[in-house]
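Got your viewer open? Here is a short tour, one selection at a time.

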Amino acid sequence: MQYEEILHRCFRCGYCKLPENYVDFNCPPYLSFRFETYSPGGRMWLIRALLDNKLAPTGRLQEILFSCVACANCVTHCTFPKFKDQLLLAFTAAKEQLVNGGKVPPAVRDCLTRIYQHGNPYGHARKKRDAWTDGLKVEPYSDQEYLFFVGDVGSYDTRGQEIARSVAGLLQKLGVSFGILGADEISDGNEAGAMGEAELFKYLAEENIKTFESRGVEKIITLSPHGYNAFKNDYPGFGGNYSVLHYSQVLAPLVKKAAFAPDQPPLRVTYHDSCYLGRHNMEYGAPRTVLTALPGVELVEMQRCFQNALCCGGGGGNVFTDIIGSGRQTSAGVRVGEAAASGAGVLAVACPQCAVMFADAVKVQNLEGRLAVKEISEIVNERLIKQEVN
Ligand code: SF4
Ligand code: SF4
């Protein structure tokens, strides 16, 4: 179905911006701006008016359409089953139309240009792609069982690099055989695709597939749920068929058998479902299995969890473009407040993008000292019996 054909079918009922209890606002741009045009139903109006040439692609319209963070809450909660699966495709197609017409916000243009020129949204050198391995001996991929695909945030962002080191170190301690591509890795393209740059996504997918084929890659572990989504759902369309796992799915069975230090202090943890693990790929169990296997850890759920989780606001490229902007009413800000209200001292994540978004939000919400944001392997590493690797 072409996306133009579904726009008129929307009832404008507005349920798509809510979780299933209808109490909170679960669409991040609507949560921040509170104008109906930022909601999924409002977007449908705007896109239809754009297609009918009743609205010009002004800078304001571009900002609204690119503020969608691709969280898929609307896909999950739209009341019209006949087209709910098409919603996000329609929003992405509208972005694609703006991209093709050169009508995009400057932050989006610059981000896409950096990905095209440098293979990553930061514009950093490709040869520094393995800088995250500092202090850890990680082999280039050759004949190991898995390729560990680190992704852009894990490769270049300071917090992302810490997480990449923690996950890789834990995989080593648990005996997983893996190697990395280093400077031969480029963006998985998930965010370029979500920003409507279909041609750039195609280019990145084809380049990565060429690299995977030349190295004989069959099994991939991703650090990022975003890369997991692209490899699992989109790369097969370009001939790239691999066995793809998010690292939490590798850890879940192994952590159950790991040896933990005795007398662990109690720790109350709440887990934030990444949209690209949860709503996009229905993986809610693996990260929780890891956490509940840890002695001393009590897992408590936030008010919004599983398919009702509130997005961190970093998807759709927003972690790089900051189209939604910062402040107390961002979804990341509301989410860390919700985590603190759960009584947990730790907000656990399984996505480097979520970790980056929440690190800022904890400061903005004055929750430092009350709520720590930790990635799940960091919590495991703290509790494992100390052992040297390499
Ligand atoms: S995908 Fe998320 S951010 Fe985009 S319109 Fe739907 S609920 Fe809002
Ligand atoms: S829930 Fe579905 S039908 Fe209702 S406004 Fe949202 S997109 Fe339209």
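We'll stop at two ligands, a helix pair and one more helix. This is a predicted model, where local features need pLDDT of at least 70, side-chain atom pairs count only at pLDDT 80 or more, and totals for chains, interfaces and linings use all residues. Residues are numbered from 1 along each chain as its sequence is written, while chains are lettered from A and ligands numbered from 1 in the order in which they are written.

**Ligand 1.** Select it and what surrounds it: of the 14 residues there, Cys27, Cys68, Cys71, Asn73 and Cys74 come nearest (near: C-beta, placed from the backbone, within 6 Å). Elements giving two or more residues to this shell are α1 (28-33), α2 (40-51), α4 (73-77) and α5 (87-100). Helices here are DSSP runs of H or I, at least four residues; strands are E, at least two.

**Ligand 2.** Hop over here next; 14 residues surround it, with Cys10, Cys13, Cys16, Gly41 and Cys78 closest.

**α3 and α5.** Now show α3 (59-66) with α5: they pack at about 140°, axes 10 Å apart. The pair is therefore oblique (neither under 35, over 145, nor 65 to 115 degrees). To see the contact (C-beta atoms within 7 Å), select Gln62, Leu65 and Phe66 in α3, which meet Ala94, Lys95 and Leu98 in α5.

**α13.** Last, pick residues 285-292: the buried ones are Ala286, Pro287, Arg288, Val290 and Leu291 (buried: 20 or more other C-beta atoms within 10 Å of its own). Covering them are elements including α12 (247-255), β5 (267-271) and α17 (376-383).

Terms used:
A residue is buried if 20 or more other C-beta atoms lie within 10 Å of its own, exposed if 12 or fewer, and partly exposed in between; C-beta atoms are placed from the backbone. Two residues are in contact if their C-beta atoms, placed from the backbone, lie within 7 Å. Axes are lines fitted to C-alpha atoms, for helices over the stretch in contact, and angles run from 0 to 180 degrees between N-to-C directions.
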